[in-house]
Structure formats: C-alpha cells, structure tokens
Amino acid sequence: MASSSFALPLHGSVGEHSTSHRYHPIKSSLSSTVKPFMKDLLKTSLRADVSKTIKNTSQRILDAFVDSVFQFVDQPLLPSQKNFAPVEEIGEAVEVICNEGNVPADFPEGIYIRNGPNPLFGGLKSTVSVFGRTSHIWIEGEGMLHALYFMKNAHGDWSISYKNRYVESETFKLEKQGNKPAFVPTIEGDSPAILAAALLNILRFGMVSKQISNTSIFEHSGKFYASAENHLPQEIDIFTLETFDKWDVNGAWDRAFTSHPKKDPRNGELVIMGIDAVKPFLLLELSLDGKKLSHKVDLKFDRATLIHELGITEKYTVIMDFPLTIDINRLINGGPCYDKEGYARIGVMPRYGNADSVQWFEVEKHCLFHNFNSFEDGNEVVIRGCRSPAAIIPGPDHGLNKFEWFSKGLKAIETFKESSTGSTQEGYLFARVCEWRLNMETGEVKERNLTGTDFPMDFPMINEHFRGVKQNKYGSLAKLYFEESDCKLSVKEGKGEHLIKVEYHRFAENNFCSGSVFVPKGGSSEEDDGWIVSFVHNEDTDVSQVHIIDAKKFSSKPIAKITLPQRVPYGFHGIFITMPHQA
C-alpha cells in the first residue's frame with residue numbers, strides 16, 4: 001500500500017490581534033473551513049505515517065525471515081562451463097584491432113550488440129531452507145549487453161571499439177544497492193521451497209522473480225530495447241549502453257513481453273505477444289509508432305503456455321502453442337513444465353483478427369523456441385522452425401543430475417516420434433529444422449524434418465528484409481538451402497526422409513559461438529549477400545573474438561577475426577544496427 005504525507009507552509013505571528021473588524025467575517029469563514037481541514041489533514045498524516053511504519057516494519061520482518069531461513073549458496077561450474085561465469089563491466093569503450101584478415105571496405109558502419117545473462121554476486125545461486133532447495137537455472141542472470149562499434153575515421157580506415165554494460169532494471173538496482181541477493185530463486189527445486197520463495201518474493205517486492213532483461217535486443221520506431229519473457233522491455237541507449245525506463249506503450253501494456261516480437265519490414269508494424277500465469281494467459285498486440293496500440297486481442301487460452309516465439313506472414317500472425325506450461329498443480333505435486341500428455345497446435349490469425357478468427361492446426365507433440373520464418377505459399381501458410389521432442393528449460397525434474405540429463409538429451413535421435421512420446425531415454429533435446437505446411441482451405445497439415453541428425457540446430461537468424469515472405473536460404477551457423485534436396489537420405493520409421501541441402505561453417509576445435517546475426521550488404525536484393533557476425537569463444541585459450549563470415553562463402557574461413565579485451569560469456573540473441581546514413 002502506497003502512502004504519502006505533505007505539509008502546508010503557514011505564515012503569521014503567534015498572539016497577533018486583528019487590525020480591523022472588517023476582516024472578522026473572513027476570519028470566521030477561514031476558521032470554519034481551515035480548522036476541520038487541518039484536523040483531517042493531521043489524521044491523514046498520522047494514518048500515512050502509521051501505514052508507512054507498518055509497511056517498513058513488515059518489510060524488515062520479511063527480510064529478516066528470508067535472511068535467517070534461506071541460505072544462498074553458489075552453484076558450482078564444471079570446467080567445461082567456465083564461460084558461463086559472469087564478467088565485470090569494462091567501463092569506457094576500449095579500442096580493439098582486427099587480428100586476422102580485414103573488415104571489408106563495404107561492410108556497413110554500425111553497432112553489433114548481443115544480450116546475455118551475467119549474474120550478480122559471482123554467479124547463479126541456489127538456496128537451502130527448511131522448505132527444501134530452490135535454484136536459478138542456466139537462462140537466468142542479469143542481462144549484460146556486449147557491443148562492438150564499427151566506425152570509420154576521417155581517412156576511411158576502420159576504428160573498432162568494445163564496450164559492455166549491465167541492463168539496469170529496477171530489481172538490478174535493488175540488489176546492487178543491497179550488495180547481496182534479495183530474490184529467492186523460484187524456477188527449479190523442491191515444490192514447497194518454490195511456493196514459499198514465490199510467496200515471499202511477492203510479499204517483499206510485488207513480483208515472483210526479478211527482472212532479468214537478458215535475452216534479446218530489438219528496435220522499434222527508432223528506439224532500442226532489451227527484453228526477456230518475465231518483464232517489460234527496457235529502453236537502451238545503444239551508444240552508451242545506458243538503461244532508460246521500461247517500455248509499456250504509454251501504459252497500454254501491463255504484462256511480460258516476448259523476447260521475439262516481429263517487425264513487418266513492409267510497414268514497420270511490430271507484433272507483440274505477452275504471456276501470464278493467470279487469465280488472460282496470452283495477449284497479442286500491434287504497434288506502429290511505439291506510442292500506442294493499434295490492436296490488442298485476448299486469445300482466450302485455457303492454459304498458461306510458455307511461448308517464446310511467434311511468426312508473421314504478409315497477412316497473418318502465427319501462434320505456436322506447445323505443451324510447455326505453467327501449472328500450479330504440477331508445481332505443488334512436482335514434475336517438469338513440459339507436459340508429455342499435453343497437446344501441440346499452431347494457430348493462424350488474420351493480422352487484425354481475434355480469438356474466434358484463429359484457425360488451429362493440431363501437430364505432432366513437440367517443443368519449439370525459435371522459428372526461422374513464416375510465409376504464405378498459395379493456400380498454405382508455411383512455418384519453418386527448430387523442433388525438439390521436449391523442452392530444454394527449465395531442466396530435469398527438481399534440478400537433479402543436470403549434466404547427465406543434458407548430455408543424454410542432446411544426443412542424436414533415431415526417430416522424432418519415439419523421443420517425443422518418452423519411449424527413448426536419449427535425444428529428447430535434439431533440435432532439427434522442421435517445416436509445417438498448413439492448408440487454410442482444407443485444414444490439412446503436412447510436417448516434415450528438413451535436416452538430419454549430424455548436428456542439433458537452433459538459434460536461427462535470417463536476412464530481416466525477407467521476414468514474412470518466401471525465401472530460398474536461411475542462416476545460423478549453418479546455411480540451409482530450402483529449395484535444394486540433400487543427396488543423402490535419413491531413415492525415419494523405415495522410410496526414406498528427404499532432407500534439404502545444408503552447408504556448415506565449422507569453427508576450430510573447442511570454439512563456440514553465440515548471438516550470430518546477418519548483416520546485409522547495402523543496396524543488394526540477394527538474400528545471402530552479406531555477412532554473418534558472431535561472438536566466438538575459445539575454450540582452450542579462454543579468449544573471446546568476433547568473427548565476420550562472408551555469407552556467400554559460408555563454409556570458408558572467416559574474413560576477419562577481432563580479439564576482444566576480455567572474455568565474453570555465452571549469451572543469447574544479437575542485433576546489428578546500421579548507422580542511419582547507411583541504412
């Protein structure tokens with residue numbers, strides 16, 4: 001309960017008599033008006049002070065309870081996980097050089113920014129209490145932006161600098177000021193401990209978990225935002241990486257915000273999605289200018305689905321609804337968020353439609369976090385994305401045996417059907433590129449795997465100029481030729497499986513990347529005419545670099561490698577922002 005008090009400045013002399021009887025009626029009027037007002041004001045001030053005192057006392061009692069009952073402990077990292085450990089802010093931007101190769105002369109001036117988790121206080125935490133154990137999971141941790149600035153000097157030579165900085169949300173500032181963890185982890189652990197943690201976080205801070213803003217960064221209407229699924233986006237100054245206020249579309253949006261809104265390149269319209277654990281479970285909105293909503297709709301879901309991704313075509317919005325859900329009964333009784341008995345479906349809604357206008361298509365049970373793209377092809381809506389039999393988050397039930405669970409889950413699978421139904425003990429996290437063709441006239445669904453089991457595939461990116469329309473190629477650190485078949489066939493349930501051609505870019509041994517983006521070449525209309533830019537970390541030397549890869553010569557060595565002044569932990573999604581005069 002908010003409370004406030006204020007004081008009125010009163011001027012005059014004590015015991016001073018009236019100088020004229022002419023003011024007597026005014027005095028009487030003021031006396032009869034001001035005295036009751038002052039009496040009420042005094043009561044209000046006293047109530048406000050009492051309310052404030054009670055609130056502060058309750059806060060101190062709750063804080064003392066958490067401090068005495070919940071013990072925060074560091075989560076250990078295996079040697080192979082050392083690049084998940086956080087780093088410090090570097091301060092002012094540091095000039096860096098291109099160690100190998102050269103940045104092309106026609107590469108655009110701009111800023112490459114990647115978001116990712118960088119936990120405060122040395123790393124992710126677990127708590128031990130009388131209620132049991134709770135833990136952060138690997139996707140948590142405060143957001144940190146890592147930026148590489150590509151600028152040319154007066155002589156036309158490249159000047160490149162690096163900077164990093166935390167996304168300073170309200171809860172980041174709160175914990176930073178207290179110099180210790182304040183929020184009790186709520187995603188993973190023993191059910192009684194999770195429930196107690198959620199309740200205490202709500203009573204103390206008004207929210208279940210802290211605002212992490214660590215997943216992505218996107219642009220809309222000339223402004224840039226850091227985002228994660230559990231909070232509103234935070235506006236960012238891309239030059240200083242300073243955090244401004246949260247973005248709620250001038251008060252029209254009041255819930256968590258997808259990390260993957262979709263911007264229509266034809267009209268600049270942004271399609272936004274927000275999920276919640278209580279009804280309405282899923283809302284969609286559209287904003288053209290970032291200042292107001294042009295459309296908002298409740299999709300009337302009957303379950304709280306953890307939807308990370310959506311799709312757009314020229315006419316439709318695509319909704320991916322799979323059985324990764326928030327269920328209070330399952331939380332109380334224990335069990336993973338991924339419901340093996342649940343259903344999976346894809347919805348296609350006209351851009352300005354409503355819940356009744358969504359056409360739903362039942363599909364094979366799966367989990368999907370990222371789409372490549374969606375588009376219309378005749379009577380069909382086509383979606384291509386990275387499908388796995390089960391969910392990689394939050395992790396194993398109760399957070400037990402994580403290393404074994406991830407190792408088995410990422411092994412290559414023989415058939416999708418077996419692993420999705422739980423009849424196999426391996427491969428349940430192995431993601432393959434899948435295509436769904438949804439016939440808007442007949443309701444027919446055609447779905448097939450497009451890639452094999454040589455490598456799992458996720459975190460795709462494309463040339464954003466082609467968002468929502470048909471393409472022939474897509475990127476990640478694999479280049480997919482959707483209109484060309486692979487000469488090899490894989491075997492699925494005794495049948496030949498026709499796969500597409502895939503070209504891989506292979507890093508040196510024990511080098512791994514994150515936050516890859518496609519940078520189109522200025523003035524070109526070809527889909528793959530440009531560069532892939534990515535943060536790359538060498539596990540043997542503990543050195544981080546940024547690599548630039550010619551997308552037309554995808555399997556060749558990088559054309560430029562830029563060594564960074566300090567290690568960059570693995571993260572999530574990035575963006576390349578071309579300077580306005582080159583856009």
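**Exercise 1. Work out how many disulfides the chain has, and why Cys386 and Cys434 do not form one.**

Start with the tally: taking a disulfide as a pair of cysteine sulfur atoms within 2.5 Å, the count comes to 0 disulfides. Keep in mind that this is a predicted model, where local features need pLDDT of at least 70, side-chain atom pairs count only at pLDDT 80 or more, and totals for chains, interfaces and linings use all residues. Residues are numbered from 1 along each chain as its sequence is written, and side-chain values use heavy atoms, with hydrogens and water left out.

Next, check the distance. The closest cysteine sulfur to that of Cys386 is in Cys434, 9.9 Å away, so the gap is too far for a bond. Looking back from Cys434, the closest cysteine sulfur is in Cys386, again at 9.9 Å.

Finally, look at accessibility. Buried means under 20% relative accessible area, exposed over 50%, and partly exposed in between (1.4 Å probe, protein chains only). Cys386 is buried at 2%, and Cys434 is buried at 0%.

**Exercise 2. Find which residues touch the most other members of the largest nonpolar core, and which elements feed it.**

First, the rule: a nonpolar core is a set of buried Ala, Val, Leu, Ile, Met, Phe, Trp, Tyr and Cys residues joined through side-chain atoms within 4.5 Å. The largest one has 27 residues, and Leu324, Ile346, Ile383 and Trp436 touch the most other members.

Then the elements. Helices (H or I, at least four residues) and strands (E, at least two) are DSSP runs, numbered from the N terminus. Two or more core residues come from each of β20 (316–321), β22 (345–350), β24 (367–377), β25 (380–388) and β26 (432–439).

Now zoom in on Ile383. Contact means heavy atoms within 4.5 Å. Leaving aside neighbours within four places in sequence, Ile383 is in contact with residues including Val318, Met320, Ile346, Cys434 and Trp436.

**Exercise 3. Trace the salt bridges that Asp377 and Glu435 form, and say where the partners sit.**

As a reminder, side chains of opposite charge can pair when their charged atoms come close. The rule used here asks for a side-chain nitrogen of Lys or Arg within 4 Å of a carboxyl oxygen of Asp or Glu, and it gives 32 salt bridges.

Take Asp377: its salt bridge is with Arg437, with 3.2 Å between the closest N and O atoms. The two are 60 residues apart, Asp377 in strand β24 and Arg437 in strand β26. Asp377 is partly exposed at 26%, whereas Arg437 is buried at 17%.

Now Glu435: it forms a salt bridge with Arg384, the closest N and O atoms being 2.9 Å apart. Glu435 lies in β26 and Arg384 in β25, so this pair ties together parts 51 residues apart in sequence. Both Glu435 and Arg384 are buried.

One more pair for practice: Arg467 forms a salt bridge with Glu464 at 2.8 Å between the closest N and O atoms. Here Arg467 is buried at 7%, and Glu464 is partly exposed at 43%. As for shared partners, one network joins Asp377, Glu380, Arg384, Glu435, Arg437, Arg448 and Lys470.
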